[in-house]
Structure formats: structure tokens, C-alpha cells
Amino acid sequence: GGEFKVWGFIDGTLKECCRPSIGQRPFYSGHHRVHGIKFQAIVAANGLIAHLFGPFEGSRHDAALLRESNLVPYMRQHMPVPVGGGRYQVFGDLAYPLRPELMKPFPGLHTTDDQRLFNTTMSRVRMSVEWGFGRVGSTFAFVDFRKNLKLLLQPVGAYYIVATLLVNCQTCIIGQNEISGYFNCPPPALHDYLR
């Protein structure tokens, strides 16, 4: 029971890379038809990527990344109960399982008007996770330039992790980004973020 409070949006992202000369199969995403590595991220309403898990082979499904990250048990153990009751949650797409800590759209074609309204509303705000991925790629364009990212020869995953950390720092220094502005939720000061 109680009211639910969404604090962030979860999704997986595939970072395209050159086709490796050996061991290609695990890095190939049949869904996207490219080679790459995957990350799972939660973008918070304050504009920061609050959780980044990976890299994993590009063939992995978002639900598998969630399971291997142990994020749901971690949230269950560490998220406080909001003032006034209810539960904090993250919102994901239909690829994720429904859990008390993880909300997703109502599935199927036979949804009620209220369920369709909920799905439409949440789909609009869930796009903020894509904005977060986009900020990393637009700020550090080399992490999205697949012809220059060579799996097994370069620390491609580390490049993306460091780029994400630096984009979060930039957001804290500037005091906002399009996500924090959209939700009217400022990021912390840089020294608070880096504690």
C-alpha cells in the first residue's frame, strides 16, 4: 500500500564498438545488429547518473544486467522509507521485471484508459534516461565513435565510466542540466557529490 515515489529512471545502453577480430559473438547485439558493450544506468531527477553498472557483452539483455547488478536487493536494503509512507522506486521499460522497488508500464494491448494515461505520462518522463546517455556522448564524443573504439585492445568500458563521472561533475559545477531543469530538482554541489 501507500503512495509510490519515482526518484529515477533505469535503462540499458549499448555502446557500439568496432567488430573484434576474435571472440565476436558475445559482443554482438542481435537486437541492434552491431558489436558493443552494455551498461545499466539510473538517471535521477537531479540530472545525475546515480547508478552505472557494466560493462557487459553487447549480447546481454537489460533484465540480465539488472539481475547481475544486485540492484533490487541493494535498493530494498538501503532506500529509506519516504516521509508520509509509501515507497521510493525507479521506473524502467517493459524489459524489466515488476518489483516493489521497480515500476514499469502496464503491458499489453488491453489496458484501461487510466493505464494508457499512466503509460503515456511515464514514457515522456522516462526519456530522461536517454537524455542522460546523450549528455555523456555529446560531451565526450569519442565514447560514441565506434570506429575508434576497439574492444579487447582498449579499455572501452573504462572510457565510458570516466566520461559518465566527469559529466556528473560538470552537472554539479554548472548547477543544472536539461534533466534537472525538467524536473526542477537541482544537483548537489560538487564537493557533496564527490564525498
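Strands here are DSSP runs of E with at least two residues, numbered from the N terminus, and the tour that follows uses those numbers on a predicted model.

Begin by selecting strand β1, residues 4-16, which with 4 residues gives the most to the lining of the largest pocket. Extend the selection to the pocket as a whole, where 16 residues form the lining and H31, H32, K38, H61 and D62 lie nearest the centre. If you colour the lining by class, you will find 9 polar and 5 charged residues beside 2 nonpolar ones, around a space of about 280 Å³.

K38 leads on to the next stop, since it is also a residue of β3, on the side of that strand to which V34, G36, Q40, I42 and A44 point as well. Turn the view to the other side of β3 and you meet H35, I37, F39, A41 and V43. In a regular strand, side chains alternate in this way between the two faces of the sheet. Is β3 enclosed by the rest of the structure, or open to the outside? Of its 11 residues 11 are buried, so the strand is largely enclosed by the rest of the structure.

Keep β3 in view and add its pairing partners, taking β2 (residues 28-29) before β4. β2 runs antiparallel to β3 over 2 bridges, with Y28 bridged to H35; in the hairpin that these two strands make, 4 residues lie between them, and R33 takes a positive phi near 60°. Next select β4, residues 49-57, which pairs with β3 in the antiparallel sense over 6 bridges, V43 having I49 as its bridge partner. This hairpin too has 4 residues between its strands, and in its turn G47 shows a positive phi of about 90°.

From the strands, move to the largest nonpolar core, a set of 23 residues in which F9, I37, V136, L151, V156 and Y160 have the most contacts. The elements that each supply two or more residues to this core are β3 (34-44), α3 (113-126), α4 (128-139) and α5 (156-174). In soluble globular proteins, nonpolar side chains tend to be buried together.

Centre the view on F9 and show what surrounds it: leaving aside residues up to four places away in sequence, F9 touches A41, I42 and V43, together with F91, M122, V125, R126, S128, V129 and F183. For the last stop, select I10, L66, L71 and L102, which are among the 9 residues of a second, separate core.

Conventions. Residues numbered from 1 in each chain as written. Predicted model: local features only at pLDDT ≥ 70, side-chain atom pairs only at ≥ 80, totals over all residues. Heavy atoms only, no water. Core = buried A, V, L, I, M, F, W, Y, C linked by side-chain atoms within 4.5 Å. Buried < 20%, exposed > 50% of the residue type's maximum accessible area, 1.4 Å probe, protein only. Contact = heavy atoms within 4.5 Å. Pairing = 2+ DSSP bridges. 1 Å grid on protein atoms, 1.4 Å probe; cavity = no way out; pocket = protein on both sides within 12 Å on 5 of 7 lines; lining within 4 Å. Points joined across faces, edges and corners; volume = space filled by probe spheres on them. Nonpolar A, V, L, I, M, F, W, Y, C, P; charged D, E, K, R; others polar.
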